[in-house]
Amino acid sequence: NKLPKNVIITYVVYMKTLEHVYIIQMNGSKDLVILEVNNVTVRVLLKRNSSDALVLKQIFLDQEYFAIISLANERNISCNTIIDAGANVGLTSIYFSKYFPNASIIALEPNKNTYQRLVENIKLNNSKNIITIEEGIWSTNTFLRGDYSFRDHNDWSFSLKETNTRTNDAIKCTTLDVLIEKSSWDTVDSLKIDIEGGEDAVFNT
């Protein structure tokens, strides 16, 4: 019998993680990964055999967002306000917080279970400059339904679809304008949106 794809991916990513002298500790159904970002110790809890390992690889091993860090440093650009829409379990927000410790960061995640793990990771790192909000981002203030049909049906594939009825499991969404107004920000220095194919809807006003 073949091993489940998530098990294989988690194993491969963790082997690459260990090559970077990171520490991995078993913690119940989760794994605690300890690493350094910008010479600061970071601790993240990952759900075993899920898409969390791939997110870890993208953010910390592949350093997908390091180009933003480099650009800000090279051009002496201040990055004081950051929105992380589709924050997943908080790894991108934590990554940015270690390079921009004085920035105010808003992390939005609409999936209830994923949001709980996001909050857990933020608390684990004592990241007081990260504000977490259990909401999605959309073109209007509305309620949407969750959908896993995008990509590989795992946690990071969670997206939002419009619905005509408000059900008990409906997900609250806000707009960028409302979010910025509530935050009393004049500008957003960095906007990261990763909402599994729903990006067009955010700017469809």
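## Surroundings of helix α5

In this predicted model, the buried residues of helix α5 are covered by elements that include β2 (30–37), β3 (40–47), α2 (52–61), α4, β5 and β6. The residues concerned are Thr114, Tyr115, Arg117, Leu118, Val119, Asn121 and Ile122. An α-helix has 3.6 residues a turn, so residues three or four places apart point the same way.

## Geometry and ends of α5

Helix α5 comprises 13 residues, which at 1.5 Å a residue should span 18 Å; the C-alpha atoms at its ends are 18 Å apart, so the expected and computed values agree.

At the N-terminal end, Asn111 acts as the cap of α5, with a side-chain oxygen 3.1 Å from the backbone nitrogen of Asn113. Just after the helix, Asn126 adopts a positive phi of about 50°.

## Strand β5 and its neighbours

Strand β5 (residues 104–108) is largely enclosed by the rest of the structure, because four of its five residues are buried, that is, under 20% relative accessible area. Strand β4 (residues 81–85) runs parallel to β5 and is joined to it by five bridges. Within this pairing, Ile83 has Ile106 of β5 as its bridge partner. The chain passes from β4 to β5 through helix α4 (residues 91–99), forming a right-handed β-α-β crossover.

Strand β6 (residues 130–133) is also parallel to β5, and four bridges join the two. Here Ile106 stands opposite Ile131 of β6. The connection from β5 to β6 leads through helix α5 (residues 112–124), and this β-α-β crossover is right-handed.

Definitions and conventions:
Residues are numbered from 1 along each chain as its sequence is written. This is a predicted model: local features need pLDDT of at least 70, side-chain atom pairs count only at pLDDT 80 or more; totals for chains, interfaces and linings use all residues. Side-chain values use heavy atoms; hydrogens and water are left out. Buried means under 20% relative accessible area, exposed over 50%, partly exposed in between (1.4 Å probe, protein chains only). Two strands pair if DSSP finds at least two bridges between them. A crossover is right-handed if, with the strands pointing away from the viewer, the path from the first strand over the helix to the second runs clockwise. The expected span of a helix is 1.5 Å times one less than its number of residues. Contact means heavy atoms within 4.5 Å. A polar contact is a pair of N or O atoms within 3.5 Å; within protein, one must be able to donate a hydrogen and the other to accept it, and residues adjacent in sequence count only if both atoms are side-chain atoms.
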